[in-house]
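Work through the following exercises with the structure open. Each task is followed by a stepwise solution.

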Amino acid sequence: MIELCELLKNWPCTAKGGDFRALVSGVTDHSAEVTPGSVFVARKGRSSSGLDHIQEALRNGAVAVVTDISRPPALPKGVSAVSVPDAADFLAYSCSAFYGHPSRELTVFAVTGTNGKTTTTRFIGQLLKSCGIRAAVIGTLGVWIAGRKAPLQIPPMTTLPPAHLHRVLRYCADEGVTHVAMEASSLGLSGRRLDHCSIDYGIFLNIGTDHHAEHGGEEAYLRAKGRLSDLAGQIIVNSEDPAVLSITGDRLPVKTFGEQSGGETHLRIVDNGKGDWIITAGETHAGIRAPVEGRHNRLNAAAAFASLMAAGFGLADLCKYAARLSLPEGRMQEAGGAGIRVFVDYAHTPDALEAVLSALSSVCTGRLISVFGCGGDRDREKRPQMGRVAGEYSDSVWVTSDNPRSEEPARIISDVMEGLKNSSAMVRAEPDREQAIRGAIYEADPGDIVLIAGKGHEEIQISKSSSRPFSDFRTALRFLDEREAEAGAADGDDRVQTTDRFWYDGSGME
Ligand SMILES: CC(=O)N[C@H]1[C@@H](OP(=O)(O)OP(=O)(O)OC[C@H]2O[C@@H](n3ccc(=O)[nH]c3=O)[C@H](O)[C@@H]2O)O[C@H](CO)[C@@H](O)[C@@H]1O[C@H](C)C(=O)N[C@@H](C)C(=O)N[C@H](CCC(=O)O)C(=O)O
Ligand SMILES: Nc1ncnc2c1ncn2[C@@H]1O[C@H](COP(=O)(O)OP(=O)(O)OP(=O)(O)O)[C@@H](O)[C@H]1O
Ligand SMILES: N[C@H](CCC[C@H](N)C(=O)O)C(=O)O
């Protein structure tokens, strides 16, 4: 614990009242997280102002209220009132300072991009583990240390708010972690959650359509992503994504990656058409086979390789360990039965849906059937775009609900349908996701592939009236079993097996 005056030291502020020698037990901007001895940072938000929550913070035992909002209410004697020029800046700094700036003790990789952050951070973590490094991965799927989920209470967010982020980083450092791969969401970056976090490597994957509405337009979304370039010591970029290049501007990347040839610091990754990845980096060529499918995942792996090479790891080791890469839960996660392959995937943007459908169409010998919807209270503009993509790649499309949140499912579905107007696919609207999954599975014949997109690993479905348990994967398994049982083919022998068909023999390494 540190004293309040220590926390305020070196920070422009005016302070009055209370006890500046008070021992601070924590710093937070959320009144419900205040415990006796906490500093409560009252900042302006979109839906409320921190000032609205001061009473709860005081009831919970705040020793100081720090704000940049003018005319804060008078505080009881014994509580310090501190005024700062920028509360979000102070919050980020003071949370880091409270935990002794743990990010400075760690090598931190922060990954941004519209799609692929969870996968790429996972790949970085898996490769580091194989290299004998104790690494943590922080993001949408929680905190993972050395491949195991850490027992930490954190909000379900992709990029943690400062009060949680630095607590988690302190935990990691105390647990002997030396390297951290974390996701940097656009909302996390614009919300200043990563300010004052020492980021060694900022990785830029791609820019597509998502969260424009929450940011107030595409430009603001791009600006938010671009902030990582200011925060990171060095940057690694996908040199074939024009939007990535536009937001990283004049900043010279330490490494680039992509499918085209490049200079000395470029990592090129391509598929040789037989499922092998060919990597070229400077004078080195390598042929590897990794157990993950899809061009998009190959690029995610390239991002992970390039980042670790930037941090000093050798390409030969990284290639050797590529055979151990695996996708996170809910990303091209396969269930099968009765000769049908069913994939659950977290594609919830147009580019993601295109990436996964394109990967599946290249291995599909029968019809491609997709089931998806779009989240409510999120970008409306991506809905017809996702419809168009689904219609382009699929033989049959079931448009259903994702997480409708406060919106009417029918309105979301009709937005998606706009994009399917000219499609030659068979199109059905079924607002009940469970029934849509059932319909798609019962529609499929042996050789067909069913894609259930949008919710991936999610365990709940959020609608106006409820937040109820729901898993695409378990729902799919249930209907596959039911169909098999009905067909009297319950022996399970014809289940499609995912075989161990991957190899690495180091050939081609120089
Ligand atoms: C859009 C966004 O970034 N919202 C987050 C942001 O809200 P905000 O700045 O508008 O703040 P606010 O809710 O108006 O509240 C104002 C202030 O009052 C405080 N407060 C609020 C309520 C209360 O009871 N007591 C209290 O003290 C808040 O902590 C805040 O300091 O700061 C809040 C406090 O940390 C977050 O809870 C909130 O996340 C909301 C729940 C959310 O849904 N965020 C999602 C969309 C999000 O951030 N997603 C991205 C992933 C996106 C992706 O990759 O696809 C993520 O990184 O998780
Ligand atoms: N490099 C990529 N390019 C395009 N699509 C991708 C890429 N990587 C993954 N995807 C698609 O995006 C989906 C989500 O992947 P992942 O969870 O890794 O992304 P994310 O950026 O972390 O998503 P979110 O920010 O919403 O949590 C995948 O299921 C896949 O369909
Ligand atoms: N992090 C993303 C996840 C979206 C997942 C999708 N299932 C939806 O609900 O829109 C978001 O909050 O926008």
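The model is predicted.

**Exercise 1.** Describe the polar contacts and the surroundings of ligand 3.

Solution.
1. Start with Arg 405: an N or O atom in its side chain is 2.9 Å from an oxygen atom of ligand 3.
2. Turn to the nitrogen atoms of the ligand. A polar side-chain atom of Asp 402 lies 2.7 Å from a nitrogen atom of ligand 3, and for Glu 458 the corresponding distance to a nitrogen atom is 3.1 Å.
3. Add the cover: of the 350 Å² of accessible area that ligand 3 has on its own, the protein covers 86%.
4. Sort the shell by class: five residues are charged, five polar and one nonpolar.

**Exercise 2.** Which backbone atoms approach oxygen atoms of ligand 2, and which helices each supply at least two residues of its shell?

Solution.
1. A backbone N or O atom of Gly 116 lies 2.8 Å from an oxygen atom of ligand 2.
2. Polar backbone atoms of Thr 114 and Tyr 346 lie 3.4 Å and 3.3 Å from an oxygen atom of the ligand.
3. The protein covers 93% of the 630 Å² that ligand 2 has accessible on its own.
4. The helices are H4 (117-130), H10 (295-310) and H12 (350-361).

**Exercise 3.** Where do the buried residues of helix H14 lie around its axis?

Solution.
1. List them: Ile 412, Ile 413, Asp 415 and Val 416 are buried in H14 (residues 409-418).
2. Seen down the axis, these residues fall within an arc of 155°, so they line one face of the helix.
3. Their cover includes helix H13 (382-393) and strands S21 (368-372), S22 (396-399) and S23 (426-429).

Technical notes. Residues numbered from 1 in each chain as written. Chains lettered and ligands numbered in written order. Predicted model: local features only at pLDDT ≥ 70, side-chain atom pairs only at ≥ 80, totals over all residues. Heavy atoms only, no water. Buried < 20%, exposed > 50% of the residue type's maximum accessible area, 1.4 Å probe, protein only. Helix = DSSP H or I, 4+ residues; strand = E, 2+ residues; numbered from the N terminus. Arc of directions from axis to C-beta. Contact = heavy atoms within 4.5 Å. Polar contact = N/O pair within 3.5 Å; in protein donor to acceptor, adjacent residues only side chain to side chain. Areas by Shrake-Rupley, 256 points an atom, 1.4 Å probe, with all protein chains shown as cover. Nonpolar A, V, L, I, M, F, W, Y, C, P; charged D, E, K, R; others polar.
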